Amino acid sequence: MKKIIFRFLILILLLIFGFITYLSTIGIKTNAFNDQIINEVKKINNQLELELDKISIILDPFKFKLVLKTIGANLKNKNKLIKLESVKSNINIKTFINKKFSLSELDINTRTIEIKNLISFVRSIEDNPQIFILEKFVKKGYLIADINLKFDQKGNIKDDFIIKGFVKDGEVKPFKKIALSKINFIFSIQNNEFGFKDINLSYDNNDLKFPELILTKQKNEFLISGINKNKNLVLDDKRINQLLNNDFSHVKFESAEFDLENTFSFKINNKYKIDDLKINSLMNLKSSKIVSSKNLKEFFPELNEIIELSNHQIQIEYKKDLLSIIGNGNILIQKEKDNISYNFSKSKTKLKFDTSLEIKKNPFHLNFLNYKKDQDNKLKIVMLGVKNLLSNEINLKDISIKEKNNKFQLKNLLLSKNYKIKSISMVNLDYFDNDLLKNELSIKKKDKDYLLDSKSFNATKIIDDLLKADKNSESEKIFSKNFRLNIEIKEAYLDKDHLIEDLNGYLKFNDSEIIDANLLGDFSNKKRINFTVRSTSNEKITTLYSDLAKPFVNRYKFIKGFEEGNLNFHSIRQNNVSNSKLIIDNFKVQEVPALAKLLTLASLQGIADLLTGEGIRFTDFEMKFSNKDELMKIEELYAIGPAISLLMEGYIESDDLVSLRGTMVPATTINRTISSIPLLGDILVGKKVGEGVFGVSFKIKGSPKKLKTTVNPVKTLTPRFITRTLEKIKKN
């Protein structure tokens with residue numbers, strides 16, 4: 001009997017063990033729990049409907065739990081459907097025995113879900129602006145997720161849920177001009193922390209990688225931080241301008257190729273507003289192309305159409321509206337590479353900059369100062385300043401240019417938003433110019449006026465500009481305020497051969513134009529020079545008198561061998577039209593190509609030989625002309641001398657067209673003498689108008705480089721020519 005009972009107990013234990021083993025490994029399938037699981041899911045949201053097949057029940061004897069699992073479930077809401085790979089849950093055996101069925105844990109494994117369908121499904125349950133915006137941003141992509149939900153005793157979801165999965169082939173377009181594609185990453189969501197790893201995406205055909213990105217929920221906002229490392233990024237001009245957001249709108253980029261490593265963090269609230277953005281970046285700018293400005297041609301004579309940056313190491317930091325960019329590298333402005341370094345710091349109200357450019361073998365010109373860098377010397381330009389972003393004014397606190405012993409320095413140059421000069425506190429110049437003349441000059445501000453003080457200064461370029469002062473276009477208006485410049489120069493050079501001592505006076509500027517001036521000085525041989533400007537409400541009168549005409553005439557390169565003579569220039573400008581008169585007395589000239597050609601064509605070889613030999617003397621030269629815009633109209637040019645006299649008129653249209661015509665009479669003095677002899681003068685020269693051969697008429701026309709000259713003999717001088725000659729004879 002005992003054996004039977006023992007065997008029975010053994011059998012019962014084996015059956016129980018076998019049953020437990022079966023339940024623990026194979027389990028059983030039933031739909032008895034379907035309704036309970038569906039009801040538990042409805043506790044999450046009563047709009048959710050869960051479609052289940054039969055559930056497999058597996059026993060976990062060690063945790064004293066039942067594991068419920070089903071394959072191929074569907075989660076529905078209205079007409080929206082999400083297909084699930086499996087649903088798995090645990091039930092405490094004790095609650096099951098007591099018929100108090102409740103889920104303690106729920107694991108959901110999705111199939112591949114199209115992200116737009118998932119967003120649409122969520123929106124069907126809870127529609128809010130954030131989900132609507134997200135649906136507009138997301139264009140495509142797929143997601144697979146493993147969701148682990150834990151429930152408390154009341155069936156509520158605990159906060160320690162876990163969601164893991166990955167996204168593949170995503171595409172979003174958060175802004176009209178920015179689209180991100182080929183988005184792939186692994187994600188994990190747990191305890192209000194969102195972790196993203198191995199993020200790969202494409203922007204404008206550039207592959208971007210983010211090894212790690214973390215989102216942490218803090219009340220009503222998210223804290224986002226991450227790292228990204230990217231190689232061989234390439235951007236075109238459109239993308240660069242979008243990213244710069246007009247911060248460098250005056251610079252036109254064509255392309256950029258670079259490596260970039262970023263660490264960043266920021267906060268974003270439930271309205272998608274970004275706050276507390278921090279970025280630290282290291283950029284290796286391999287190459288960048290920038291369209292050069294034509295204005296740079298004045299300083300860099302061999303300027304390329306495209307400026308290239310290469311091998312730049314750049315540190316970028318952004319924090320609380322403060323952007324800092326520090327970098328250095330090579331720059332190709334002309335033929336050879338130079339080196340540039342820079343430090344920009346931008347806040348809401350100011351842009352500070354500190355730049356340095358070292359020019360090695362390339363040329364550099366300051367034409368307005370008659371200066372050129374020695375090709376073999378190094379030159380360094382340093383510019384330190386700040387731009388007020390509210391007024392757009394620029395204060396160039398310090399500008400220095402150094403090349404060996406040549407130094408140029410400016411302090412506190414204030415520019416308006418239109419880049420016009422408002423003020424400057426100090427200028428120091430100490431250099432040798434292109435004529436190898438020493439220049440030592442300083443300009444200092446005193447109240448509203450300025451004092452120019454110089455030991456030695458080559459005024460060649462300034463004189464040229466003053467003589468062209470009628471060209472007062474808007475682009476040449478470089479001053480935004482009116483001021484007076486007092487001048488004290490001990491030695492001023494008109495050119496390297498003509499020195500003025502003690503040049504003193506003033507220039508008064510109004511709207512960048514000289515409206516009042518008086519400059520007086522002495523040549524070394526006690527001869528004087530005086531320049532004045534006087535203005536009224538409707539006209540400006542300019543005069544220049546010099547006991548020496550040569551330093552002014554020599555400026556015209558087509559005239560050579562000019563000697564002696566004095567110069568008197570008078571001009572009245574009214575309504576943008578200037579009427580001028582230039583008089584030069586008692587001079588001789590040795591070489592004038594246009595005149596030499598005229599003499600040759602007129603078969604006056606003797607006078608032509610005289611021109612290239614000792615030179616032709618003129619007792620009087622007078623020219624009346626007017627200027628308007630680019631047109632110079634010569635009303636009358638009259639020159640008289642012992643060998644030849646000229647009367648000419650016409651116009652010169654900028655550098656495009658020359659049209660001149662006139663009369664040339666040889667041996668004026670001889671003809672005049674012969675005509676005074678009774679009978680003989682009547683025979684040789686002519687008694688009546690139209691009798692006798694007096695000279696030639698001529699025409700000169702064409703572009704300045706391709707002038708066509710024609711001549712014809714004349715027997716009768718025009719009354720105008722005779723009148724002008726008689727006036728000069730009476731004067732003399």
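# Notes on the strands, salt bridges and turns

1. Let me start with one side chain: R534 has a relative accessible area of 39%, so R534 counts as partly exposed. On this scale buried means under 20% relative accessible area, exposed means over 50%, and partly exposed is in between (1.4 Å probe, protein chains only). The model is predicted, so local features need pLDDT of at least 70 and side-chain atom pairs pLDDT 80 or more, while totals for chains, interfaces and linings use all residues. Residues are numbered from 1 along each chain as its sequence is written, and side-chain values use heavy atoms, with hydrogens and water left out.

2. What does R534 pair with? R534 forms a salt bridge with D516, with 2.8 Å between the closest N and O atoms. The two residues lie 18 positions apart and join distant parts of the chain, D516 sitting in strand 32 and R534 in strand 33. D516 is at 19% relative accessibility and therefore counts as buried. For your own checks, a salt bridge here is a side-chain nitrogen of Lys or Arg within 4 Å of a carboxyl oxygen of Asp or Glu, and strands (E, at least two residues) and helices (H or I, at least four) are DSSP runs numbered from the N terminus.

3. The backbone around that pair is worth a look. Strand 32 covers residues 513-523 and pairs with strand 33, residues 528-535, in the antiparallel sense over 6 bridges; strands pair if DSSP finds at least two bridges between them. Within this pairing, L519 has F531 of strand 33 as its bridge partner. The hairpin of strand 32 and strand 33 has 4 residues between the strands, and there K526 takes a positive phi near 70°.

4. The pattern continues into strand 34. Strand 33 and strand 34 (residues 540-546) run antiparallel and are joined by 7 bridges. Among these contacts, N530 is matched with Y545 in strand 34. Strand 33 and strand 34 also form a hairpin, with 4 residues between them. In a regular strand the side chains alternate between the two faces of the sheet.

5. Which residue forms a salt bridge with E513? E513 meets K540, the closest N and O atoms being 3.0 Å apart. This pair spans 27 residues of the chain, linking E513 in strand 32 to K540 in strand 34. E513 counts as buried because its relative accessibility is 14%, and K540, at 7%, counts as buried too. R573 joins E513 and K540 in a network of salt bridges.

6. For context, the salt bridge count comes to 14. One of the pairs to inspect is K438 with D430, whose side chains meet at 2.6 Å, N to O. K438 is partly exposed, since its relative accessible area is 28%, and D430 is partly exposed at 28% as well.

7. Please also check the backbone angles at D321 and S512. Most residues other than glycine have a negative phi, and most peptide bonds are trans. D321, although not a glycine, has a positive phi of about 65°. D321 lies in the loop between strand 17 (306-319) and strand 18 (322-332) and is partly exposed at 36% relative accessibility. S512 is not a glycine either and has a positive phi of about 65°. The loop that holds S512 runs between strand 31 (498-510) and strand 32. Is S512 buried or exposed? S512 is buried, with a relative accessible area of 11%.

8. Further along, strand 36 (residues 577-589) and strand 37 run antiparallel, with 11 bridges joining them. K581 has K624 of strand 37 as its bridge partner. Strand 37 then pairs with strand 38 over 9 bridges, in the antiparallel sense, and E622 is matched there with Y638 in strand 38. These strands, 37 and 38, form a hairpin with 2 residues between them, and D629 in its turn has a positive phi of about 55°. E630 is found in the loop between strand 37 (616-628) and strand 38 (631-640), and is partly exposed with a relative accessible area of 45%.

9. A last spot, this time in a helix. L595 sits in helix 9, residues 593-601, and is buried, with a relative accessible area of 8%. How far is L595 from L646, C-alpha to C-alpha? These C-alpha atoms are separated by 9.9 Å, while the residues are 51 apart along the chain.
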